[in-house]
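Trainee: I am new to this structure and would like to understand how its charged side chains pair. Could we go through the reasoning step by step?

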Amino acid sequence: MRHFVIGDVQGCRAALEDLLTRIDFDATNDQLIFAGDLVARGPDSLGTLRLIKGLAARTVLGNHDLHLLAAFHGHASVKPKDRTQAVLDAPDAAELMAWLQQQPVLITLPTGDVLTHAGLPPRWTVAQAQALSSEVENALRSPHANAFFAAMYGNEPSTWHDDLTGPERLRVITNHFTRMRLISANGQLNFQHKAGNEHLPEGFKAWFDWPTVRPAGERVFFGHWAALEGITQTPQAIALDTGCVWGRHLTAYCLETGERFISTPGLQ
Ligand SMILES: [Mn+2]
């Protein structure tokens, strides 16, 4: 069996179909695991969701996935530039959104590495991250998921503390798993910088450029940060968002071989 971890699709269904051809995808032997942001900005979020759900694939949730779920539940409106209204208008919207809402924010990969949409802060161990992800997943799957969506938005508090409670605690956990790029030495997140890993605001670095409590053998796979173009300078952080929706390509990483496959550049 082969396992492929695939970067941010963002509604680029044709690119995903092309990528599946390029990896010679075999539904009986291959498993696909997505880095989140399946939807938004690209031409066919609805077709993308139907395709991925139909492949019995798994995904971690990204910020765009959570925003679409919040819109479905009436806690946000879809942005015209996201081009996701067709999902909410579809006859199978409820089925697709129920499937998406069951997805986790962290997946432990067969190699023992972890996958989240945005990464892991340097001070979180994998065991701690797994426990914190369960808190968010339990909220999403509970009868009180609406309360989670209602309190999800916001940049504050911008720093994780173990003693955070209630909706704030879930918001901060969610922001780390789905929106993080830069973090300070004392653990403060920066939500402004979306360009590449250079010319950074004073006191901030990419989350993967700080010394981490995690042992060298534990890798973190992540998407979200397209401006990295799939490159970090540390083998502990595997970047998978290669900007398909920005005119570049989609990436699939084979866990068994370490080989990267890409979709036809420019195809969406
Ligand atoms: Mn994202």
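Mentor: Let us start with the term itself: a salt bridge is a side-chain nitrogen of Lys or Arg within 4 Å of a carboxyl oxygen of Asp or Glu. In this predicted model, a search of the whole structure finds 9 salt bridges.

Trainee: What makes Glu17 and Arg13 a salt bridge?

Mentor: The closest N and O atoms of Glu17 and Arg13 are 2.9 Å apart, and the cut-off is within 4 Å, so the pair is called a salt bridge. Both residues lie in helix α1 (residues 13-22), 4 residues apart, which is about one turn of the helix.

Trainee: Why is Glu17 called partly exposed?

Mentor: Its relative accessibility is 36%, and because buried means under 20% and exposed over 50%, Glu17 falls in between. Arg13, with a relative accessible area of 26%, is partly exposed as well.

Trainee: How do you know that Arg13 and Asp44 tie together separate parts of the sequence?

Mentor: The side chains of Arg13 and Asp44 meet in a salt bridge at 2.6 Å, N to O. Arg13 lies in helix α1 and Asp44 in the loop between β2 (30-34) and α2 (45-54), so the pair ties together parts that are 31 residues apart in sequence.

Trainee: What does the salt bridge between Lys53 and Glu95 tie together?

Mentor: The side chains of Lys53 and Glu95 meet at 3.0 Å, N to O. Lys53 lies in helix α2 and Glu95 in helix α5 (residues 93-101), so this pair ties together parts that are 42 residues apart in sequence.

Key:
Residues numbered from 1 in each chain as written. Predicted model: local features only at pLDDT ≥ 70, side-chain atom pairs only at ≥ 80, totals over all residues. Heavy atoms only, no water. Helix = DSSP H or I, 4+ residues; strand = E, 2+ residues; numbered from the N terminus. Buried < 20%, exposed > 50% of the residue type's maximum accessible area, 1.4 Å probe, protein only.
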